[in-house]
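The exercises below are to be worked with the sequence and the model side by side. Try each task before reading the solution that follows it.

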Amino acid sequence: MRIISTFKSELNQLFVFQLEDGNKVEAVFYRGDTLCVSTQVGCAIGCPFCLSGSKGLVRNLSSEEIYKQYEFLKDSFPIKRIAVAGIGEPLMNYQNVVESFWKFKKAGLKVSFYTTGFPYRHLKELLKLPHNGLTVSIHSTRSDKRKVLVPHGGDIDALINTLREELASMSKTKKKKISLAYLLIKGVNDSYEDLEDFAKLVLELGVSATLLYYNATGSFEQMSQEEYEDKFLFLKKYGIKVTLSTRFRKDPLGGCGTLVINRN
Ligand code: SF4
């Protein structure tokens, strides 16, 4: 495994790793202290707003391949946190992801996860790990819309029930580290009714919300900044804690949904 190219914008630095079998995955250094790592070559979930899954799943990364993305860069960058948010669904490669998690912890790093929550049995286990943040992609509380946005990510009602069961016995401190993500897609899931349902779920579960901005990584129309902020203010009216996409996440280089396998 080796780094074969790097790309740099004003905000993010992206590294392309070539694996022993010739496949290529990516990691991004951002926010001055965080490395976003990949867990799979491709992704089977197939979200239409994400380039990482556009070619399906090729294979899982081993725990060494996940950890090495950090090891290659650790002496050149002040990495304090790992975001398991790159290419792949971490719960679909759970064993290797957990092994790498413990290696990161042993190296003194904070580790946060971003997941669709599928498969649910692994979500239950992930919630119990001593992570430093776990964001679960909801995107819609309605079955038909969620199926469009997260095609192979299971049934939304089953996900919500799993979260209800697991969070019921969780301490307030632990709940503070959990967030539900909602990627706003114009004309698909951005009506006030959609957002109201989402806000009610966030309130019921006692967690926070992450309102994500769509990066034009698919065929959907991009939302204006004003519209995005308007939806943010609407959610805030419910008294929930809502975080917006940072400029690092909106960057066309290394932002949400922009990582690809086998980049030329
Ligand atoms: S958003 Fe995550 S789960 Fe969906 S296709 Fe991209 S990498 Fe896979």
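The model is predicted.

**Exercise 1.** Find which residue of strand 2 stands opposite R2, and state how strand 1 and strand 2 run.

*Solution.* Begin with R2, whose opposite residue in strand 2 is Q18. Next, follow the pairing along strand 1 and strand 2 (residues 13-18), which run antiparallel and are joined by 6 bridges. Then look at the link, where 4 residues lie between the two strands of this hairpin. Finally, consider how strand 1 (residues 2-8) is covered: with a residue counted as buried if 20 or more other C-beta atoms lie within 10 Å of its own, the number of buried residues among the 7 of this strand is 0, and the strand is hardly covered.

**Exercise 2.** Describe how helix 1 and helix 2 cross, and name the residues that make the contact.

*Solution.* Take the axes of helix 1 (residues 63-71) and helix 2 (residues 94-106), which come within 8 Å and cross at roughly 35°; the crossing is right-handed. On the side of helix 1 the contact is made by S63, I66, Y67 and Y70, and on the side of helix 2 by N96, V97, E99, S100, K103 and F104. Sorted by class, the residues of this contact comprise 5 nonpolar, 3 polar and 2 charged.

**Exercise 3.** List the residues that surround the ligand, and sort the shell by class.

*Solution.* Walking along the sequence, one finds around the ligand C43, I45, G46, C47, C50, S52 and G53, followed by I87, G88, E89 and T116. Divided by class, this shell holds 5 nonpolar, 5 polar and 1 charged residues.

Definitions and conventions: Residues are numbered from 1 along each chain as its sequence is written. This is a predicted model: local features need pLDDT of at least 70, side-chain atom pairs count only at pLDDT 80 or more; totals for chains, interfaces and linings use all residues. A residue is near a molecule or strand if its C-beta atom, placed from the backbone, lies within 6 Å of it. Ala, Val, Leu, Ile, Met, Phe, Trp, Tyr, Cys and Pro count as nonpolar, Asp, Glu, Lys and Arg as charged, and the others, Gly among them, as polar. A residue is buried if 20 or more other C-beta atoms lie within 10 Å of its own, exposed if 12 or fewer, and partly exposed in between; C-beta atoms are placed from the backbone. Two strands pair if DSSP finds at least two bridges between them. Axes are lines fitted to C-alpha atoms, for helices over the stretch in contact, and angles run from 0 to 180 degrees between N-to-C directions. A crossing is left-handed if the near helix is turned anticlockwise from the far one by less than a right angle, and right-handed if clockwise. Two residues are in contact if their C-beta atoms, placed from the backbone, lie within 7 Å.
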